[in-house]
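This briefing is meant to be read with the sequence and the coordinates at hand. Please look over both before turning to the points below.

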Amino acid sequence: MPATRTSPPADPVPPSPPREAAPEGFGFAAAIRVRFAETDAQGVAHNSNYFVWFEVARVEFLERYAGGYQRLRDQGIESLVLEAHARFLAPARFDDRLLVHTRCVAPRGARFRFEYAVERNGAVIADGWTAHGTVAAATLRPTRTPDWLRAALASARADRDRGPAPAAG
């Protein structure tokens with residue numbers, strides 16, 4: 001006699017983990033819309049895209065507060081990513097409208113760190129950080145973060161303390 005199934009099949013999509021509140025302490029956010037090409041066969045944004053979104057937000061942050069990344073490059077300085085981390089709390093899907101909240105913390109010597117919180121409809125669905133080092137473009141040897149960039153980052157922290165800026169995009 002063939003075996004019979006007595007219970008319904010398991011739901012193929014597990015429930016989302018509990019969501020966290022919208023982030024505090026961020027004074028800047030970049031708007032992102034999840035494109036179809038960024039999703040996998042399950043319709044979920046592939047995890048590698050979060051690092052691209054972090055970069056989009058970081059470049060917009062630098063544009064707003066420091067005159068853009070190109071300003072660094074024009075002075076013979078590059079900012080290399082030394083480490084990157086992401087934590088996924090709930091999936092992003094095609095056509096989701098996201099805000100990538102961004103702040104820069106801990107500028108010291110030739111290093112600094114960006115932190116990110118990815119929000120959808122008021123809930124954080126991912127967060128992460130990237131650690132950076134400034135180097136001379138010609139030699140790739142570490143060089144102190146320029147004073148003007150330190151001042152720009154201080155300006156961004158002051159804005160953060162006043163409250164969130166409207167999303168770009």
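What follows goes through the overall make-up, one helix, one strand and the aromatic pairs.

The structure is a predicted model, and side-chain atom pairs are counted only at pLDDT 80 or more. The protein chain contains 3 helices and 5 strands, and read from the N terminus its elements follow the order β-α-α-β-β-β-β-α.

**Overall make-up**

- Of the 169 residues in the protein chain, 40% are buried, and the accessible surface comes to about 9,900 Å², with 54% of that area belonging to carbon and sulfur atoms.
- When contacts between residues at least 6 apart in sequence are taken together, 72% of them join residues that are at least 24 apart.

**Helix α1**

- Helix α1 covers residues 48-66, and because each residue should contribute 1.5 Å, its 19 residues should span 27 Å, which agrees with the 27 Å that separates its end C-alpha atoms.
- The buried residues of α1 include the aromatic residues Tyr50, Trp53, Phe54, Phe61 and Tyr65, and the list also holds Asn49, Ala57, Arg58, Leu62 and Ala66.
- As general background to such a list, an α-helix has 3.6 residues a turn, so residues three or four places apart point the same way.
- Gly67, which comes just after α1, takes a positive phi of about 80°.

**Strand β2**

- Ser79 lies in strand β2, which runs over residues 77-88, and Ser79 counts as buried because its relative accessible area is 15%, under the 20% limit.
- Once neighbours within four places in sequence are left aside, Ser79 is in contact with Tyr69, Leu72, Phe112, His132, Gly133 and Thr134.
- One of these contacts is with Gly133, and although Ser79 and Gly133 are 54 residues apart in sequence, their C-alpha atoms are 5.5 Å apart in space.
- Leu82 also lies in strand β2, but at 41% relative accessibility Leu82 counts as partly exposed, since that value falls between the limits of 20% and 50%.
- Leu82 joins Leu80 and Leu140 in a nonpolar surface patch, and the three residues together have about 260 Å² of accessible area.

**Aromatic pairs**

- The count of aromatic pairs comes to 11.
- In one pair, the ring centres of Phe28 and Tyr65 are 6.3 Å apart and the ring planes meet at 75°, so the pair is edge-to-face.
- Because Phe28 lies in strand β1 (residues 28-33) and Tyr65 in helix α1, this pair ties together parts of the chain that are 37 residues apart in sequence.
- Both partners are buried, with Phe28 at a relative accessible area of 2% and Tyr65 at 11% relative accessibility.
- Phe36 and Phe94 form an edge-to-face aromatic pair as well, with 5.7 Å from centre to centre and 85° between the planes.
- This pair links distant parts of the chain, with Phe36 in the loop between β1 and α1 and Phe94 in the loop between β2 and β3 (97-108), 58 residues apart.
- Phe36 counts as exposed at 60% relative accessibility, whereas Phe94 is partly exposed with a relative accessible area of 45%.
- One aromatic cluster is formed by Phe28, Phe51, Phe54, Phe61, Tyr65, Phe112, Phe114 and Tyr116; among its members, Phe54, Phe61 and Tyr65 are listed with the buried residues of α1, and Phe112 is in contact with Ser79.

Definitions and conventions
Residues are numbered from 1 along each chain as its sequence is written. This is a predicted model: local features need pLDDT of at least 70, side-chain atom pairs count only at pLDDT 80 or more; totals for chains, interfaces and linings use all residues. Side-chain values use heavy atoms; hydrogens and water are left out. Helices (H or I, at least four residues) and strands (E, at least two) are DSSP runs, numbered from the N terminus. The expected span of a helix is 1.5 Å times one less than its number of residues. Buried means under 20% relative accessible area, exposed over 50%, partly exposed in between (1.4 Å probe, protein chains only). Contact means heavy atoms within 4.5 Å. Accessible areas come from the Shrake-Rupley method with a 1.4 Å probe; for residues, only the protein chains shown count as cover. Patches are made of residues with over 30% relative accessible area and no salt bridge: like charges are joined within 9 Å, nonpolar side chains (Val, Leu, Ile, Met, Phe, Trp, Tyr) within 5 Å. A salt bridge is a side-chain nitrogen of Lys or Arg within 4 Å of a carboxyl oxygen of Asp or Glu. Rings of Phe, Tyr and Trp (its six-membered ring) pair if their centres lie within 6.5 Å; planes under 30 degrees apart count as stacked, over 60 as edge-to-face and the rest as tilted.
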